[in-house]
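Thanks for agreeing to look at this one with me. Please open the sequence and the structure side by side, and we can walk through them together.

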Amino acid sequence: HALRISKDNIDSAMEWLLTNRYSNEASTVQYGVDPYLVCNEDTASLLRKSASNTFVDLEMVNDPSLRKFFTSGAVSSSLNVLPLQSNMLADVVARAVPSEWRGKESAHWDLNMEHPNLQWFTDLWRFVCSCSDIEGSLKSVAEQFCIVPTKQEVVCTLSPGNAVLDPGKLDKKLVDCLVELGVLILYEGVLPS
C-alpha cells in the first residue's frame, strides 16, 4: 500500500510507513489510490497478466480464515480491499488494456499477442454477460476502451462508428463484400452463446 501511495518510490514508501505506523492514516482507504480487488478465478483471469499486483484471487486462498478475512467488510474499509462487482468493469478494463489503446477508437491487435489475447477477450465478454446489469456494465466501457477483437488485426470500441459483424450464418460472398467495404469481422467464439 505504501508503494502505491508513493508511486513505487521505495524511499518515500519507507518514510511513509515509519511516519504512519501508529496513525489511523495507515489503515484507512486512500482516495485516489486504486483498491486491491478480491476476485474469483473468472474475474482474476482478467487481471492476471496486466495487473497481477492489484487483486487477490480467492480461488488461490486455501485457508478459510484468510478467505473470510479478505471478504470482511471491516477489511474493505480499513485496508483498501474491495470485492470485485459488475459496476467496476471500467476499472478492471482500465487496468488490463495496454495504455497505448486508451482513448482510441481502434488499435492494432495481433492474435499472437501475449496480452490481451483472445482468451482474455473471451473472459471479458463472459464476465460482461454474467453481470446483473449488463447494460450498465457495457455503457461503462463501450466507447472508452478497445474491447472488440476482429479478424483484421484490429481491436475497437463498441460504438456506433465501428462496423463489426458476427458473420455466423451469413453467406461467405456477402461477408467478403462487406469486408471490402471496411466492415470488421468479429473473432468467432468471443461472445458467449
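Here are my notes on this predicted model, as numbered points.

1. Let's begin with the overall picture. The protein has 193 residues, and 40% of them are buried. Its secondary structure comes to 9 helices and 8 strands. The exposed surface is about 11500 Å², with carbon and sulfur atoms supplying 54% of that area.

2. Next, a word on how the chain meets itself. Take the contacts in the protein with a separation of 6 or more: residues 24 or more positions apart account for 56% of them. It may help to keep this figure in mind when you trace the chain by eye.

3. Helix H8 is a good place to stop for a while. This helix spans residues 134-141, and Ser137, Ser140 and Val141 are buried in it. These buried residues sit on the same side of H8, because they cover an arc of only 85° around the axis. Among the parts that cover them is helix H6, residues 89-96.

4. Which residues does Ser137 touch, once its neighbours within four places in sequence are left aside? They are Ser86, Leu89 and Cys131. Ser137 itself lies in helix H8 and has a relative accessible area of 3%, so it counts as buried.

5. Now turn H8 around. The face turned away from the buried side carries the exposed residues Glu135 and Lys139. These two form a salt bridge, and their closest N and O atoms are 3.1 Å apart. They stand 4 residues apart in H8, about one turn of the helix. Relative accessibility is 60% for Lys139, while Glu135 has a relative accessible area of 53%.

6. The pair in point 5 belongs to a short list, as the structure holds 4 salt bridges. Another one joins the side chains of Arg126 and Asp123, at 2.5 Å from N to O. Both residues lie in helix H7 (residues 118-130), 3 residues apart, which the helix covers in about one turn. Are the partners buried or exposed? Arg126 is partly exposed at 39% relative accessibility, whereas Asp123 is buried, with a relative accessible area of 8%.

7. A further salt bridge links the side chains of Lys172 and Asp176, with 3.2 Å from N to O. Lys172 and Asp176 are 4 residues apart in helix H9, so about one helical turn separates them. Lys172 counts as exposed at 59% relative accessibility, and Asp176 counts as partly exposed at 34%.

8. While you are at helix H9, please look at where it starts and what comes just after it. At the start of H9 (residues 172-180), a side-chain oxygen of Asp171 comes to within 3.0 Å of the backbone nitrogen of Lys173. Just after H9, Gly182 adopts a positive phi of about 100°.

9. Two backbone details deserve a check in the loops. The peptide bond from His115 to Pro116 is cis, with omega near -10°. Pro116 belongs to the loop between strand S4 (106-108) and H7. The other detail concerns Glu153, which has a positive phi of about 60° although it is not a glycine. Glu153 is found in the loop between strand S5 (148-149) and strand S6 (154-156). With a relative accessible area of 39%, Glu153 is partly exposed.

10. Last, a look at the surface. Which residues form a nonpolar patch there? Leu66, Phe69 and Leu79 do, and together they have about 250 Å² of accessible area. Leu79 belongs to helix H5, residues 73-79. The relative accessible area of Leu79 is 41%, so this residue is partly exposed.

11. If you have time for a second pass, I would go back to H8. One side holds the buried residues Ser137, Ser140 and Val141, and the face turned away from that side carries Glu135 and Lys139. After that, the cis peptide bond from His115 to Pro116 and the positive phi of Glu153 are the backbone details to revisit.

Key
Residues are numbered from 1 along each chain as its sequence is written. This is a predicted model: local features need pLDDT of at least 70, side-chain atom pairs count only at pLDDT 80 or more; totals for chains, interfaces and linings use all residues. Side-chain values use heavy atoms; hydrogens and water are left out. Patches are made of residues with over 30% relative accessible area and no salt bridge: like charges are joined within 9 Å, nonpolar side chains (Val, Leu, Ile, Met, Phe, Trp, Tyr) within 5 Å. Accessible areas come from the Shrake-Rupley method with a 1.4 Å probe; for residues, only the protein chains shown count as cover. Buried means under 20% relative accessible area, exposed over 50%, partly exposed in between (1.4 Å probe, protein chains only). The arc is that of the directions from the helix axis to the C-beta atoms. Contact means heavy atoms within 4.5 Å. A polar contact is a pair of N or O atoms within 3.5 Å; within protein, one must be able to donate a hydrogen and the other to accept it, and residues adjacent in sequence count only if both atoms are side-chain atoms.
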